[in-house]
Amino acid sequence: MSTLATDDIFSRYPKEILIERKPNGVLLITINRPERLNSLTLPMFKHLSEIWEDVDRDPHTRVAVITGAGRGFCTGMDVREPDPTLDDAIELMEDERRRITTLLNMDKPLISAINGPAVGWGLSMALLADISVAAEDALLLDGHTRIGVVAGDHSSLIWPLLVGMAKTKYYQLTSASLTGAEAERIGLVSLTEPKGAVLERALAIADDLAQGSQQAIRWTKRSLNSGWLTNALPQQELSAALETLNFAGADYAEARQAFREGRPAQFPSVRRDDHLVVGSPATQEVAG
């Protein structure tokens, strides 16, 4: 990996987010927690919402590629981190609103190299890229409903446009997983490659775009995003707000506790106890 100059716009990012400048204005961003399948801490969420503003204003970047270190792309929030407070969840919602709005308004192309599991926020990041290259055997999973929260990162914004409402509802409501090959078949990702060739293909596409007509490419992206995606932002904000409310709910507390104990979750809402809130005596009893 190349070393960034101390005054480089990207030099402020921590070691968990590696930045490498490639030839022709290609920027490679690597989520770097391979020992945790590149799951995110709360500070990483903030950095990965801010970075797209830097990409957009960096005069040396024409195209960005995002991938994960090791065998995974990104598996979303690290559930071994401390439970987020409601204030944490609200801050996360605002960071997500900033990330998605910036991505949709950013003229420079973004390519995702989905080298392995992409779960939750990781799948959101992968699918919101302009071009997505997935490993044929990569595991793709939204997974939000499995932990008692709304699929609020991106699903109402991008899934129906990519695969239609029937497939969207199936995968979002059930939290069923699919492989990269299946995702390409239904139109969820742009193309697939064998696992070892994913990043190489993504960088090759990026290099080709970086040497093309920048105005034509960027304005084509702008024209496609305008209306098709930007008009759906109110839907995305509703889902994000509902997801934030879920972070304060008993189902989410139970899901995290169940994960730590290695058992299936027993959601309070299944027993019609959906009025419970985190911190109440009944919730504490459910959580054990």
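Begin by selecting strand 7, residues 139–141, in this predicted model. Strand 7 pairs with strand 8 in the antiparallel sense, and two bridges join them. Within this pairing, select L139, which stands opposite T179 of strand 8.

Next, widen the selection to the open sheet to which these strands belong. The sheet has three strands in the order 5-7-8, and its pairing is mixed. Strand 5 (118–119) and strand 8 (178–179) are the edge strands, each pairing on one side only.

Now display the whole protein and colour it by domain. The domain assignment gives domain 1 as residues 17–242 and domain 2 as residues 250–287. In the contact, 13 residues come from domain 1 and seven residues from domain 2. The centres of the two domains, taken over C-alpha atoms, are separated by 30 Å.

Then turn to the surface between the domains. About 740 Å² is buried between domain 1 and domain 2, and carbon and sulfur atoms give 58% of this area. On the domain 1 side, select V79, D83 and I147: these residues supply 54% of the area that domain 1 buries against domain 2, more than any other three residues.

Keep D83 selected and add R256. Which residue forms a salt bridge with D83? R256 does, with the closest N and O atoms 2.5 Å apart. Between domain 1 and domain 2 the count is two salt bridges. Five residue pairs are in polar contact across the interface.

Finally, colour by class the side of domain 1 that touches domain 2. This side has six nonpolar, two polar and five charged residues.

Terms used: Residues numbered from 1 in each chain as written. Predicted model: local features only at pLDDT ≥ 70, side-chain atom pairs only at ≥ 80, totals over all residues. Heavy atoms only, no water. Domains from an automatic or database assignment. Contact = heavy atoms within 4.5 Å. Buried area = accessible area lost by both parts, 1.4 Å probe. Salt bridge = Lys/Arg side-chain N within 4 Å of Asp/Glu carboxyl O. Polar contact = N/O pair within 3.5 Å; in protein donor to acceptor, adjacent residues only side chain to side chain. Nonpolar A, V, L, I, M, F, W, Y, C, P; charged D, E, K, R; others polar. Pairing = 2+ DSSP bridges. Helix = DSSP H or I, 4+ residues; strand = E, 2+ residues; numbered from the N terminus.
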